Amino acid sequence: MRSSFARDHRTGARPGDVSLASELREPMLTLAETLAKRGLLPRDVVAEIRAGTGKYDLASDGMALPHLYEEHADALRGKHPFTQEELDQLREASEWLLDTLTPDGARRPAAKQRGEAENVRDRLRTLLVRRYVDLRKIAYYFHGDAFEDVAPKLQSRLSSSAVADEAEEVEAEEDGADDAGTAASGGGGEQVGIPLSP
């Protein structure tokens, strides 16, 4: 004997929720059709709820009927036997069914398979993040205070203008060093004579 909480292996639904939704839906829908004929409920909405078959439709109807009865509560006061508790039970059972069931013919999303390249990429990134502190220590050991140039903080970026400014500064320093070197060595151009004292 199956318990009321056992699942239907074909749909994943609990039989208790399906039977509760079915048990409450039919009398509510039948009375709604009668009330619609009397002009107390919109006929087209009730006809739309009646259309369709199957467990998914049953669950959709179970969501629509409580809403319909609550939306027209003033007009229906004293004209139906259903309690607010029954409306809530139908709504909860139907909500669970809608979350669990897949409509017939619907595509189930394919589970995305990760390739070997993605796994290697993710493992490499994890290794880099975990060991980057050690890399920065090594950079400091070899480059001193200029270690930020070879091992910047993770996810930090220099803007292109900052890179251009830095390149200009380096060129200016190199030009200055060349000029100083030329002057110190006497240069390769005209030599100025130095008078000798007698």
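**Figure 1. Helix H6 is kinked by about 55°, with the kink centred on Arg131.** The model shown here and in the following views is predicted. Helix H6 comprises residues 116–143. Gly144 follows H6 and has a positive phi, near 65°. Three residues of the helix are buried, namely Tyr132, Arg136 and Ala139. These buried residues pack against helix H7, which covers residues 147–150.

**Figure 2. Surroundings of Arg136, a residue of helix H6.** Is Arg136 buried or exposed? Arg136 has a relative accessible area of 18% and is therefore classed as buried, the cut-off for that class being under 20%. Apart from neighbours within four places in sequence, Arg136 makes contact with Phe147, Glu148, Ala151, Pro152 and Lys153. Arg136 thus belongs, together with Tyr132 and Ala139, to the buried set of H6 that packs against H7.

**Figure 3. Ala139 and Asp149, separated by ten residues in sequence.** The C-alpha atoms of the two residues lie 9.1 Å apart in space. Ala139 is one of the buried residues of H6. Asp149, by contrast, is located in helix H7 and is exposed, with a relative accessible area of 59%.

**Figure 4. A nonpolar surface patch formed by Leu128, Val129 and Leu154.** Together, the three residues present about 230 Å² of accessible area. Val129 is situated in helix H6. The relative accessible area of Val129 is 39%, so this residue counts as partly exposed.

**Figure 5. The largest nonpolar core, consisting of 23 residues.** Which residues have the most contacts inside this core? They are Met28, Ala32, Leu41, Val46, Leu65 and Tyr69. Helices H1 (15–37), H2 (43–50), H3 (55–71) and H5 (84–100) are the elements that each contribute two or more residues to the core. The greatest contribution comes from H1, which supplies eight residues.

**Figure 6. Contacts of Ala32 within the model.** When neighbours within four places in sequence are set aside, Ala32 touches Leu41, Val46, Leu65, Leu68 and Tyr69. Ala32 is itself listed among the core residues with the most contacts, as are Leu41, Val46, Leu65 and Tyr69.

**Figure 7. The salt bridge between Glu70 and Arg91.** The closest N and O atoms of this pair are 2.7 Å apart. Glu70 lies in helix H3 and Arg91 in helix H5, so that the pair, 21 residues apart, links distant parts of the chain. Both side chains belong to partly exposed residues: Glu70 has a relative accessible area of 32%, and the value for Arg91 is 22%. Side chains of opposite charge can pair when their charged atoms come close.

**Figure 8. The salt bridge joining Asp74 and Arg77.** The N to O distance between these side chains is 2.9 Å. How accessible are the two partners, buried or exposed? Asp74 is exposed, at 65% relative accessibility, and Arg77 is likewise exposed, at 58%.

**Figure 9. The salt bridge between Arg121 and Asp122.** An N to O distance of 3.0 Å separates the side chains. Arg121 is partly exposed, at 48% relative accessibility. Asp122 also counts as partly exposed, with a relative accessible area of 26%.

**Figure 10. A network of salt bridges linking Arg25, Glu26, Glu33, Arg50 and Asp61.** Five residues appear in this view, two of them arginines and the others acidic. Across the whole structure, a search finds nine salt bridges.

**Figure 11. Overall context of the close-up views, showing a protein chain with eight helices and zero strands.** The order of elements from the N terminus is α-α-α-α-α-α-α-α. The chain has 198 residues, of which 19% count as buried. Among contacts with a separation of 6 or more, 59% are between residues 24 or more positions apart. The chain exposes about 15,300 Å², and carbon and sulfur atoms supply 53% of this area.

Definitions and conventions: Residues numbered from 1 in each chain as written. Predicted model: local features only at pLDDT ≥ 70, side-chain atom pairs only at ≥ 80, totals over all residues. Heavy atoms only, no water. Core = buried A, V, L, I, M, F, W, Y, C linked by side-chain atoms within 4.5 Å. Buried < 20%, exposed > 50% of the residue type's maximum accessible area, 1.4 Å probe, protein only. Helix = DSSP H or I, 4+ residues; strand = E, 2+ residues; numbered from the N terminus. Contact = heavy atoms within 4.5 Å. Patch = residues over 30% accessible without salt bridge, like charges linked within 9 Å, V, L, I, M, F, W, Y side chains within 5 Å. Areas by Shrake-Rupley, 256 points an atom, 1.4 Å probe, with all protein chains shown as cover. Salt bridge = Lys/Arg side-chain N within 4 Å of Asp/Glu carboxyl O. Bend = angle between axes of the 7 residues up to and from the residue.
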